[in-house]
Amino acid sequence: MIGQKYSVKLNGQLVNEFTGARALTGYIGLQNWGGDGEVHFRNVRCKELPSQPGLKVDLAAVAPAKTNQNLIEVLSEQTPNALEWALAPLDRTTPPDIRQNLMLLREDLLDEAVKKPAAGADAYKCGRELCDALLATLDERDKALVRAGYTVAQADANVVVTNQALEARRNYKMSWPQFRREQEQRDELRKEQDAHAALAKERPAMEWADRGAQIRKTVDALYAHYREAARRSPGGQ
């Protein structure tokens, strides 16, 4: 399971795939969909998948007491990684502590500026603005996730395999050929509405990708300004 995408493999072979829309926290359940036979589960284990290539999970997981780097250096190194997580597609699960680490990094950065600055005041000011922008991006992504969940639920609810004409024709006097034709019409209606629902479910992801491209330009500009301010400082990064 990666985000809302589930893959089922049997003896190394992919046998099923599914995209869900449920909460990513809570209980794990194993279920059998009916049938007379009993189902038994044995030796059930959970294994954490490796991180996505190129995306590290250790954002700001350092403290001044545990590293020789000052926090100006930490933010310089970690911002590109944090931005990729903040702008990650909606079906990708972000590290649960990324927001907390960003907030801690921002506050520790401000403390460093007062107690033991490693750069000029402008660099620390830009660093705070950069952290604020990353946190705002995470907030916006959370809102996009909520909208996506609502859209999926609404799209599923709107799939109704009937219409007024079909219901008007259905009655106990229908012949078998009439019933079969009507069933075929319902099947076609189902396919059409499923296609509309699938498009509706993809819309939030597309909107987030477009919005992410706009955000990236803004944060990239902030990052460039921050790095320039750090370079202008004594012993610039």
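Me: How many aromatic pairs does a search of the whole structure find?
Reply: Good place to start! Rings of Phe, Tyr and Trp (its six-membered ring) count as a pair if their centres lie within 6.5 Å. With that rule, a search of the whole structure finds this many aromatic pairs: one.

Me: Is the pair of Tyr6 and Phe18 stacked, edge-to-face or tilted?
Reply: Planes under 30 degrees apart count as stacked, over 60 as edge-to-face and the rest as tilted. The ring centres of Tyr6 and Phe18 are 5.9 Å apart and their planes stand at 40°, so the pair is tilted.

Me: Which strands hold Tyr6 and Phe18?
Reply: Strands here are DSSP runs (E, at least two residues), and helices are runs of H or I with at least four, numbered from the N terminus. The pair ties together parts that are twelve residues apart in sequence, because Tyr6 lies in β1 (residues 5–10) and Phe18 in β2 (residues 13–19). The strands are therefore β1 and β2.

Me: Is Phe18 buried or exposed?
Reply: Buried means under 20% relative accessible area, exposed over 50%, and partly exposed in between (1.4 Å probe, protein chains only). Tyr6, at 27%, is partly exposed. Phe18 has 53% relative accessibility, so Phe18 counts as exposed.

Me: How far can I trust the model, and what is the mean pLDDT of the chain?
Reply: This is a predicted model, where local features need pLDDT of at least 70, side-chain atom pairs count only at pLDDT 80 or more, and totals for chains, interfaces and linings use all residues. Residues are numbered from 1 along each chain as its sequence is written, and side-chain values use heavy atoms, leaving out hydrogens and water. pLDDT is the predictor's confidence in each residue, from 0 to 100. In this chain 78% of residues reach 70 or more, and the mean pLDDT is 78.

Me: Which helix supplies the largest share of the largest nonpolar core?
Reply: A nonpolar core is a set of buried Ala, Val, Leu, Ile, Met, Phe, Trp, Tyr and Cys residues joined through side-chain atoms within 4.5 Å. The largest one here has 33 residues, and Ile72, Leu75, Val219 and Tyr226 have the most contacts inside it. Helices α1 (71–86), α2 (98–115), α3 (121–157) and α5 (176–232) each supply at least two of its residues. The largest share, eleven residues, comes from α3.

Me: Where is Asn43 found?
Reply: Asn43 is a residue other than glycine with a positive phi, near 55°. At 51% relative accessibility, Asn43 counts as exposed. Its place is the loop between β2 and α1.
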